[in-house]
Amino acid sequence: MIHKGSYINQRSRIKKLALSGMLAAVTVALSGFSIPIGASRCFPIQHLVNVMAGIFLGPFYGVLTAFCTSLIRNLIGTGSLLAFPGSMIGAFLSALLFQKTGKLLFSCLGEIGGTGIIGALVSYPLAVFFMGKDLAVFFFVVPFLLSTVCGTLMAAALFEIFRRLGLVSYLNRLIKE
């Protein structure tokens, strides 16, 4: 006997997984749009997707989307190891803060702080130990912040367009049914 509640939860998880996969695919497809700054590649589309995934999918699927995107980009040669900590921490904080407050501003601040500051600092040991780069601890903060601010502003603009068109509530209903 399957309970109606568990059936709805299973459908919701499948929808979230499908949306996560689609967001990762779009992000990888647009991975040609990057800006090299210093030793890192600024990839504003990743930050846009982190915010959108955080809002619509929550922390688990937001981090899953960021991880899959980073993994695929590394496998096809359009990313670096530095994509993992920045994108995943940013996606997590973006989703968590949106989940707690329901506010776009806090989701954006989570992405900026998570990727631009925490992710940049976590990238330092990766760059030193795995990539053989001898850098200052704060070397990645400015390029990561530039990238994440750009992508986060794009996400805020897209979210506002979605909100005005009534797509935010529509998408939330589709995912949760």
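A residue is called buried when its relative accessible area is under 20%. In this predicted model, buried residues account for 41% of the 177 residues of the protein.

The overall fold is a good place to begin. The protein contains six helices and two strands, and read from the N terminus the elements follow the order α-β-β-α-α-α-α-α. The radius of gyration is 16 Å, close to the 16 Å that the globule rule gives for 177 residues, so the protein is as compact as a globular protein of that length. Measured out along the principal axes, the C-alpha trace spans about 60 × 35 × 30 Å. Contacts tell a further part of the story: among those between residues at least 6 apart in sequence, 70% join residues at least 24 apart.

The surface can be described in a similar way. About 9300 Å² of the protein is exposed, and carbon and sulfur atoms supply 73% of this area. As for charge, the protein carries 14 positive and 4 negative charges, and the mean positions of these two groups are 10 Å apart.

Aromatic rings come next. A search of the whole structure finds three aromatic pairs. One of them is formed by Phe 56 and Phe 159, whose ring centres are 6.4 Å apart and whose planes meet at 45°, so this pair is tilted. Phe 56 belongs to helix α2 (residues 44-76) and Phe 159 to helix α5 (residues 141-164), so to speak two distant parts of the chain, 103 residues apart, that the pair links. Both Phe 56 and Phe 159 are buried. Another pair joins Phe 60 and Tyr 61, with ring centres 5.0 Å apart and planes at 90°, so the pair is edge-to-face. The partners in this pair have contrasting surroundings: Phe 60 is exposed, with a relative accessible area of 59%, whereas Tyr 61 is buried, at 12%.

Helix α5 also holds Thr 152. This threonine has a relative accessible area of 3%, so Thr 152 is buried. Setting aside residues up to four places away in sequence, Thr 152 touches His 47, Val 51, Cys 108, Glu 111 and Ile 112. Val 51 appears again among the contacts of Ser 107, a residue of helix α4 (residues 104-129). Ser 107 has 0% relative accessibility and therefore counts as buried. Beyond its neighbours within four places in sequence, Ser 107 is in contact with Val 51, Ile 55, Ser 94, Leu 97 and Phe 98.

Two residues of helix α2 offer a further look at the interior. The one is Ser 70, and the other is Arg 73. Ser 70 is buried, with a relative accessible area of 0%. When residues up to four places away in sequence are not counted, Ser 70 touches Ala 83, Phe 84 and Ser 87. The C-alpha atoms of Ser 70 and Ala 24 are separated by 8.8 Å, although these residues are 46 apart along the chain.

Arg 73 carries a positive charge by the counting used here, and yet at 4% relative accessibility Arg 73 counts as buried. Apart from its neighbours within four places in sequence, Arg 73 is in contact with Val 28, Ser 31, Phe 43, Thr 78, Gly 79 and Ala 83. Ala 83 is thus touched by Ser 70 as well as by Arg 73. The C-alpha atoms of Arg 73 and Phe 140, 67 residues apart along the chain, are separated by 19 Å.

Phe 33 brings a loop into the picture. Phe 33 lies in the loop between α1 (4-29) and β1 (35-37). With 43% relative accessibility, Phe 33 counts as partly exposed, because this term covers values between 20% and 50%. Leaving out its neighbours within four places in sequence, Phe 33 is in contact with Phe 43, Pro 44 and Ile 45. Phe 43 is also one of the contacts of Arg 73. From Phe 33 to Phe 84 the distance is 18 Å, C-alpha to C-alpha, and the two are 51 residues apart in sequence.

Notes:
Residues are numbered from 1 along each chain as its sequence is written. This is a predicted model: local features need pLDDT of at least 70, side-chain atom pairs count only at pLDDT 80 or more; totals for chains, interfaces and linings use all residues. Side-chain values use heavy atoms; hydrogens and water are left out. Helices (H or I, at least four residues) and strands (E, at least two) are DSSP runs, numbered from the N terminus. The radius of gyration is taken over C-alpha atoms; the globule rule is 2.2 Å times the number of residues to the power 0.38. Buried means under 20% relative accessible area, exposed over 50%, partly exposed in between (1.4 Å probe, protein chains only). Contact means heavy atoms within 4.5 Å. Accessible areas come from the Shrake-Rupley method with a 1.4 Å probe; for residues, only the protein chains shown count as cover. The place of a charge is taken as NZ of Lys, CZ of Arg, CG of Asp or CD of Glu. Rings of Phe, Tyr and Trp (its six-membered ring) pair if their centres lie within 6.5 Å; planes under 30 degrees apart count as stacked, over 60 as edge-to-face and the rest as tilted.
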